Amino acid sequence: MKWFTSSLLMAVSAYTSLTHAWAPTKSFLHRAPRTKSKTALQNRNDYNVVFRPSSDPDSFDSFKIGTARVHRYADPDSTTLDNSEYIMWYHARDPSLNDAENSLPPLSTGRIGRATSRNGLIWERDETGSFDADKPGVSLGLNTDSWWGFDTAHVGLGQVLLPMMTPSIRSEGGVYVMYYMGGSYEETQIIDYLEEEKKSRVPEGATIKGMKLKIGAAISQDGTTWGRVEGDDPSGACMVPFDKSDVNLQNNMKDGIRDENGKHLDIPEELYCGWPEVVVNPVAENERGATDPNRNNFFMYYSTMLKDTKEKAISFAVSGNGFAWSKRGIALRPTPGSLDGGGCARCNVVKKARFNEEGFWEEEENGWIMFYEGVSSEDGKHRILAAESDDLKTWNKLGLAVDVGEGDEAWDAQGVGSPHVLRLDDGVFRMYYTGEGQNGDTAIGVAKSVGDLLHWNREQAGMAFMAE
């Protein structure tokens with residue numbers, strides 16, 4: 001849940017805070033695994049928690065979890081009355097990735113796992129995972145085949161697109177596409193991520209690994225075993241931070257960056273690209289040129305830090321096929337003095353829809369809602385905010401959607417983020433989100449909204465996770 005610079009600022013302002021800090025020395029960077037108390041967890045106001053880190057210390061997801069992406073579909077092979085099945089992909093980290101020699105940023109990223117459910121509330125981990133992953137229970141692990149790859153040190157989930165005939169019926173023989181980010185052991189200067197007035201607080205030459213995140217894609221026929229898709233970048237990524245000094249980008253953009261109308265775009269330089277959210281742009285009934293190969297059939301929104309201003313913003317790119325992308329600039333940036341004054345990131349974009357009297361969902365042809373994670377410049381906490389658009393390009397902010405939990409003892413008192421929204425058959429929207437407590441523990445919770453997508457209440461989950 002931590003912003004890159006949030007951790008850095010804690011490191012430079014309170015050099016003894018090992019929980020949140022980054023630093024170049026082993027003694028400063030190392031963080032011991034947190035001892036978990038099941039009794040303490042049960043006593044919290046955690047009625048809407050549906051998924052937690054594994055209690056098995058050897059599991060890949062035993063330390064932190066984040067960015068749940070949940071899809072629901074009708075399972076034709078089910079023998080139960082309700083043939084719905086839910087699949088959750090999520091990323092997680094075990095304590096070994098926080099070892100001092102790794103020098104990785106203290107995020108929840110590490111490897112990507114999978115879980116299933118019949119009701120979306122009680123989940124069972126896939127403890128087998130992919131046969132070629134580097135640890136048991138992992139669907140997409142570290143890249144151990146290409147030492148030069150962008151994803152050799154840690155990976156994190158962005159989005160998964162399912163082969164769907166309709167929003168709730170899975171097609172047979174289709175291909176799943178996963179968009180994810182990854183970091184390598186390439187070192188970058190910590191001062192690159194700090195405002196000018198704060199650089200003096202960091203030891204000279206201090207570095208961090210795995211910060212220059214890039215985005216990749218993988219495909220699967222069963223949603224469990226994944227094969228990486230080689231991108232245009234030499235590292236294998238399909239989306240990289242925009243850097244004017246990058247020789248590979250220079251070769252591909254000798255005439256600059258232009259949009260589909262030939263207009264020159266002034267793209268700001270970026271320090272990383274992460275948490276990709278990919279949206280399929282459907283063809284409207286009255287749209288001409290729907291078969292145009294240059295049509296923007298896919299939109300990708302990704303989290304980045306702008307090199308010059310050090311703002312955390314959401315930028316976007318477009319694609320005709322979902323694999324080759326063209327940057328289009330900033331979609332959403334912080335508003336000073338607001339709940340996202342400290343940054344915008346980790347979004348989910350859904351179609352506006354209403355539940356009609358016949359009991360069916362009706363989508364608006366040109367209406368979209370973006371739920372994103374904003375960090376307040378006042379209290380530093382993360383909250384889920386909303387914005388709307390009618391063209392997927394220009395976004396108008398709507399304000400707060402889900403606030404942090406009430407009271408310091410709430411399991412999500414420190415921050416909520418990484419939202420993902422589903423439509424259910426009873427006219428309810430359900431949101432899965434990552435929450436973090438005051439002690440740094442993370443979990444996945446649920447909230448629900450009836451009708452408007454703007455007013456959310458935490459949802460009672462009952463027995464929210466499988467006994468281990």
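Here is a walk through the aromatic rings and the cysteines of this structure, which is a predicted model.

Let's start with the rings. Searching the whole structure turns up 18 aromatic pairs. A pair of aromatic rings is described by two things, the distance of the centres and the angle of the planes. Take phenylalanine 60 and tyrosine 90: their ring centres are 6.1 Å apart and their planes sit at 25 degrees, so this pair counts as stacked. The cut-off that matters here is that planes under 30 degrees apart count as stacked. In sequence, the two partners are 30 residues apart, and the pair links distant parts of the chain. Phenylalanine 60 sits in the loop between strand S1 (49–51) and strand S2 (64–74), while tyrosine 90 belongs to strand S3 (residues 84–93). Both phenylalanine 60 and tyrosine 90 are buried.

Further along the chain, have a look at tryptophan 411 and tyrosine 433. They form a stacked aromatic pair too, with 5.7 Å from centre to centre and 25 degrees between the planes. Tryptophan 411 is in the loop between strand S24 (396–402) and strand S25 (415–423), and tyrosine 433 is in strand S26 (residues 428–436), so the pair ties together parts that are 22 residues apart in sequence. As for exposure, tryptophan 411 has a relative accessible area of 2%, so it is buried. Tyrosine 433 comes out at 0%, so it is buried as well.

Rings can also gather in a group: Phe299, Tyr301, Phe316 and Trp395 are linked into a cluster by ring pairs.

Some rings have a charged side chain over the face. Lysine 64 lies over the face of phenylalanine 63, 5.7 Å from the ring centre. Likewise, arginine 346 lies over the face of tryptophan 275, and here the distance to the ring centre is 4.3 Å.

Now for the cysteines. How many disulfides does the count come to? Zero. Cysteine 273 shows why: its closest cysteine sulfur, in cysteine 238, is 9.6 Å from its own, which is too far for a bond. To count as a disulfide, the two sulfur atoms would have to be within 2.5 Å. Cysteine 273 has 0% relative accessibility, so it counts as buried. Cysteine 347 is in no disulfide either, since the nearest cysteine sulfur, that of cysteine 344, is 9.9 Å away. With a relative accessible area of 2%, cysteine 347 is buried.

Note on methods: Residues are numbered from 1 along each chain as its sequence is written. This is a predicted model: local features need pLDDT of at least 70, side-chain atom pairs count only at pLDDT 80 or more; totals for chains, interfaces and linings use all residues. Side-chain values use heavy atoms; hydrogens and water are left out. Rings of Phe, Tyr and Trp (its six-membered ring) pair if their centres lie within 6.5 Å; planes under 30 degrees apart count as stacked, over 60 as edge-to-face and the rest as tilted. Helices (H or I, at least four residues) and strands (E, at least two) are DSSP runs, numbered from the N terminus. Buried means under 20% relative accessible area, exposed over 50%, partly exposed in between (1.4 Å probe, protein chains only). A charge sits over a ring if NZ of Lys or CZ of Arg is within 6 Å of the ring centre and within 35 degrees of the ring normal.
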